[in-house]
Amino acid sequence: SRVDELAERWAVGSDGDGTFDEALVVDVYGRFLAGGRSGRGRSADLSRLELSGYLERYLWPHFDGESASWEHVMSIVVMLNAKFGEGVDGWAVLRAERARFDAFFGRALGLPSERAEMPWLERAEWVRFLVRAFGSLEEEMVRVQALKLASLPMWLTLSERDAASRLKAQPALSRPWKFVKKRRTKEAALPSGPPLSSQREESFLPSLLRQTVEALALADERARGAATEDGVGGVDDEA
């Protein structure tokens with residue numbers, strides 16, 4: 001198969017010269033992993049790539065947080081999901097490179113914002129990765145990154161009234177809360193505004209939850225509309 005031919009580039013003991021080609025990653029993603037493909041064909045290609053060691057021998061060793069393409073980051077997400085889906089510890093591949101993992105996690109969080117639109121299959125893969133991350137808090141490197149997104153700065157998205165109500169119920173948080181607000185005031189005064197990491201601590205999860213609720217509402221509206229059209233069609237047919 002075409003996948004098997006490409007796998008010669010990273011297979012152990014192959015005749016390849018070991019050089020990395022970002023264009024190849026983009027091509028492999030578009031051909032075999034992209035959101036426009038689904039079903040048995042995609043599953044078979046994904047399995048071949050997994051068995052060939054695509055993640056551990058090619059994608060991960062050559063990942064650079066600053067220069068990696070969108071397809072490179074998304075490919076790692078998809079391949080990790082595939083490993084976990086087969087009951088394999090995907091984090092084990094990334095564990096030895098802590099700084100690289102931190103860079104990858106940051107890039108992975110920003111995948112939707114780097115594209116004007118993500119097809120539903122790609123967004124589903126992205127959400128699966130996030131679910132896995134928050135379900136792997138026993139993994140120290142994952143915990144450090146994931147819990148930043150579920151910390152006190154999220155309260156900055158609340159109204160003053162709601163924040164005060166929560167502080168009244170949890171007075172021990174009053175001092176940390178003052179520190180968070182003071183830090184955010186200083187960051188807001190910076191020429192470039194708050195750094196991306198701070199923006200994500202504040203709004204990543206609230207924004208994701210809001211988008212999820214909106215998507216569910218839209219899906220429900222479409223389902224109701226389809227059901228109504230089917231009902232009207234049924235009456236016409238009977239008439």
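**Helix 3 and its surroundings**

On the face of helix 3 that is turned away from its buried side sit the exposed residues Arg40 and Leu51. That's a handy place to start looking at this predicted model. Helix 3 itself runs through residues 40–51, 12 residues in total. From first C-alpha to last, helix 3 reaches 16 Å, close to the 16 Å expected at 1.5 Å a residue.

Now for the other side. Which residues of helix 3 are buried? They turn out to be Arg42, Asp45, Leu46, Leu49 and Glu50. These residues are on the same side of helix 3, because they cover an arc of only 140 degrees around the axis. A bit of helix geometry helps here: an α-helix has 3.6 residues a turn, so residues three or four places apart point the same way.

And what do the buried residues of helix 3 pack against? Their partners are helix 1 (2–7), helix 2 (22–33), helix 4 (54–59), helix 5 (70–85) and helix 8 (120–134). After helix 3 comes Gly53, with a positive phi near 80 degrees.

Next, the nonpolar cores. In soluble globular proteins, nonpolar side chains tend to be buried together. The largest nonpolar core here has 49 residues, and Tyr54, Trp91 and Phe104 are the ones that touch the most other members. Helix 5 is the top contributor to this core, giving 10 residues. Leaving out residues up to four places away in sequence, Trp91 touches Leu80, Phe84, Phe101, Phe129, Arg132, Ala133, Ser136, Glu139, Met141 and Val142. Apart from the largest core lies another one, made of 6 residues, including Ala163, Leu167, Trp177 and Val180.

Zooming out, the protein has 12 helices and 0 strands, so to speak of its pattern is to read α-α-α-α-α-α-α-α-α-α-α-α along the sequence. The radius of gyration is 22 Å, well over the 18 Å that the globule rule gives for 239 residues, so the protein is more spread out than a compact globule. Along the principal axes, the C-alpha atoms fill a box of roughly 70 × 65 × 35 Å.

How much of the protein is buried? Buried residues account for 36% of the 239. The accessible surface adds up to about 13800 Å², and 54% of that belongs to carbon and sulfur atoms. As for contacts between residues at least 6 apart in sequence, 67% of them join residues at least 24 apart.

Terms used: Residues numbered from 1 in each chain as written. Heavy atoms only, no water. Helix = DSSP H or I, 4+ residues; strand = E, 2+ residues; numbered from the N terminus. Expected span 1.5 Å × (residues − 1). Buried < 20%, exposed > 50% of the residue type's maximum accessible area, 1.4 Å probe, protein only. Arc of directions from axis to C-beta. Contact = heavy atoms within 4.5 Å. Core = buried A, V, L, I, M, F, W, Y, C linked by side-chain atoms within 4.5 Å. Rg over C-alpha atoms; globule rule 2.2 N^0.38 Å. Areas by Shrake-Rupley, 256 points an atom, 1.4 Å probe, with all protein chains shown as cover.
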